[in-house]
Each structure stands twice: as structure tokens, then as C-alpha cells.
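Student: I would like to learn how to read a model like this one. Can we start with its pockets and then turn to the ligand?

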Amino acid sequence: MIAVQHIGKSFGKLTVLDDISFEVNNPGIFAVLGPNGSGKTTFLKILLGMVIPETGKMLFDGKDISRSFKYRNKIGYLPQVAQFPDNLTVVEIINMIKNIRQQPAHSEQLISLFGLAKSLDKKLGTLSGGTRQKVNIVLTFMFDNPVIVLDEPTAGLDPVSLIKLKDLIQQEKNAGKIILITSHIMGLVEELADEIIFLLEGQIFFKGTLEDLKSKTGSEDLEHSIATILEP
Ligand code: ADP
Ligand code: MG
């Protein structure tokens, strides 16, 4: 369904991704991990056509999409840093995104799931970080897209909201979707991820299941596996 072949991306002298190839054909939850600055966000933005790589190509449903953007209406995206206009209200941004995407949306159940009904008429600039993130989640999950890209979706969430988000991600997987996620919350990755893609120094250092990673590193959990990779 999604494939990237020999992707390379540099910013000036800094090579962020160096000849990355990756393919996902089956539904599931794919965790993109790696230390700060290892290129996780850049990788996800390349899949979305928001960053253009210098080398390589991308395929979506078998078609080369390097110069096309239509495929993006099949992807739900939660950016790591959501730049909302501060003077819009919650209900206004939800309606604005619905108008832009022109797809059936189910925002009401998500608004009630995350307790946002009382905040609908508040301006985005006045919301706490956690509440802004809940709005971000509603905007991402309200459409029915086959691919969902989540860049640090847990930022600022309280524990109860974190559980709700995990359930939501699991439901989407059960509905047959492909979910790509980055997160610093190792518990979430251990609970949800079918496959781990670990980026290090511009390369895919590891791709496989949590069990594979644990046995490769001789560690008992994800946190220690990663520590072993980074400080051998
Ligand atoms: P991660 O999400 O894994 O923390 P990023 O993909 O955000 O990493 O960034 C990878 C590296 O690329 C970092 O060193 C970052 O500073 C650099 N970088 C990202 N975007 C840009 C940009 N637009 N211009 C210059 N450098 C960038
Ligand atoms: Mg990032």
C-alpha cells in the first residue's frame, strides 16, 4: 500500500535520511522510533509529500506519487506541532477542516469521548496544551482514512485521555487501517505496535517485532532494548 524506495534527505550538510527503503502492505500499527533528531518527523512528512526528498521514490497503491498529491486525501495526519490559528474557536477549526477535506466526518462522538463539548466555543489560543492536543486528535480521527500518521500524539495528554487514544488507535487497526506512529511513551509502543522501525544515523537500524528487537538486543523490554542500541 505504501512503499518508499531509496529515500535520501539532507538539510544543508546534515544527512537526515540516507537510502531508506520501507514497505507496508498489511493493516497494523507501525512504530517509528529513534533518538531526537533521527529523522522520524522528516520521514513521516516525506510520506505525506510535505518534505520532498532528494533521492528515491514513493509508491501509494503501487503508483508513483512523487509528483502527485491526490493520495493525501487517504491519509489522516496528526502533526507533532499543530499550528492552529489562535483566534479560531474549537468548533470553527473542526468545521474548517471538514470543509477543506470534503469527506464524511464523525466529530460528535470524538468530541464527547474527549470531553470537549464545553470547550467548543473557546478560542484555540486560550486552551491548555493537553486540550489543544485533544482537538488535534479529533481533527485526525474524524475522517475515515485507510492510512493514519500520528507524530507524537500523546503530547500533553492526561492518563485517562491516553487510554482513550490507545483504544482509538486499536479500533482503527481492527478496522483494517495502516497506522504509523512515533511516540516517546514506551508503554504505548509495547502495547500497540505490531512492528518497530528504528531510525539511527540516517538508516533503518532495525525493522521487526518487539520480540525480535528484545531478542536481538538481549533485553527484557523496549526501554532497555533501545538503551542497548544507543549505549552498547
Ligand atoms: P525527529 O522527529 O526524529 O526528532 P526530525 O525529523 O524532526 O527528527 O529532524 C531530523 C533532523 O533534521 C534534525 O537535526 C533537525 O534539526 C533537522 N531538520 C528537520 N527539519 C529541518 C528543516 N526544515 N531545516 C533544517 N533542518 C531540519
Ligand atoms: Mg519529531
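Tutor: Let us begin with the largest pocket. It holds about 650 Å³ of space. Keep in mind that this is a predicted model.

Student: Which residues are the closest to the centre of the largest pocket?

Tutor: Met50, Tyr77, Pro79, Ile97 and Arg101 are. They belong to a lining of 26 residues.

Student: Which elements give two or more residues to that lining?

Tutor: Three helices and a strand do: helix H1 (40-47), helix H2 (90-101), helix H4 (129-141) and strand E6 (75-78). The largest share comes from H2, with five residues.

Student: How do the lining residues divide into nonpolar, polar and charged?

Tutor: Read the lining by residue class. Here 15 residues are nonpolar, seven are polar and four are charged.

Student: Now the ligand. Which residues surround ligand 1?

Tutor: Start with the shell, then look for polar contacts. A residue joins the shell if one of its heavy atoms lies within 4 Å. Around ligand 1 these are Phe11, Leu14, Val16, Pro35, Asn36, Gly37, Ser38, Gly39, Lys40, Thr41 and Thr42.

Student: Which elements each supply at least two residues of that shell?

Tutor: Strand E2 (14-24) and H1 do. H1 gives the largest share, three residues. H1 is also among the elements that line the largest pocket.

Student: How does the shell divide by residue class?

Tutor: Six residues are polar, four are nonpolar and one is charged.

Student: What lies 2.8 Å from an oxygen atom of ligand 1?

Tutor: Check backbone and side chain separately. Glycine 37 places a backbone N or O atom 2.8 Å from a ligand 1 oxygen. Lysine 40 has a polar side-chain atom 2.8 Å from an oxygen atom of ligand 1. For threonine 41, a side-chain N or O atom is 2.8 Å from an oxygen atom of ligand 1.

Student: How much of ligand 1 does the protein bury?

Tutor: Taken alone, ligand 1 exposes 570 Å², and the protein buries 56% of that.

Student: And the whole chain: how many helices and strands are there?

Tutor: The protein chain has eight helices and 10 strands. Its C-alpha trace spans about 50 × 40 × 35 Å along the principal axes.

Student: What does the radius of gyration tell me?

Tutor: Compare it with the value for a compact globule. For 232 residues that value would be near 17 Å; the protein chain has 18 Å, which agrees.

Note on methods:
Residues numbered from 1 in each chain as written. Chains lettered and ligands numbered in written order. Predicted model: local features only at pLDDT ≥ 70, side-chain atom pairs only at ≥ 80, totals over all residues. Heavy atoms only, no water. 1 Å grid on protein atoms, 1.4 Å probe; cavity = no way out; pocket = protein on both sides within 12 Å on 5 of 7 lines; lining within 4 Å. Points joined across faces, edges and corners; volume = space filled by probe spheres on them. Helix = DSSP H or I, 4+ residues; strand = E, 2+ residues; numbered from the N terminus. Nonpolar A, V, L, I, M, F, W, Y, C, P; charged D, E, K, R; others polar. Polar contact = N/O pair within 3.5 Å; in protein donor to acceptor, adjacent residues only side chain to side chain. Areas by Shrake-Rupley, 256 points an atom, 1.4 Å probe, with all protein chains shown as cover. Rg over C-alpha atoms; globule rule 2.2 N^0.38 Å.
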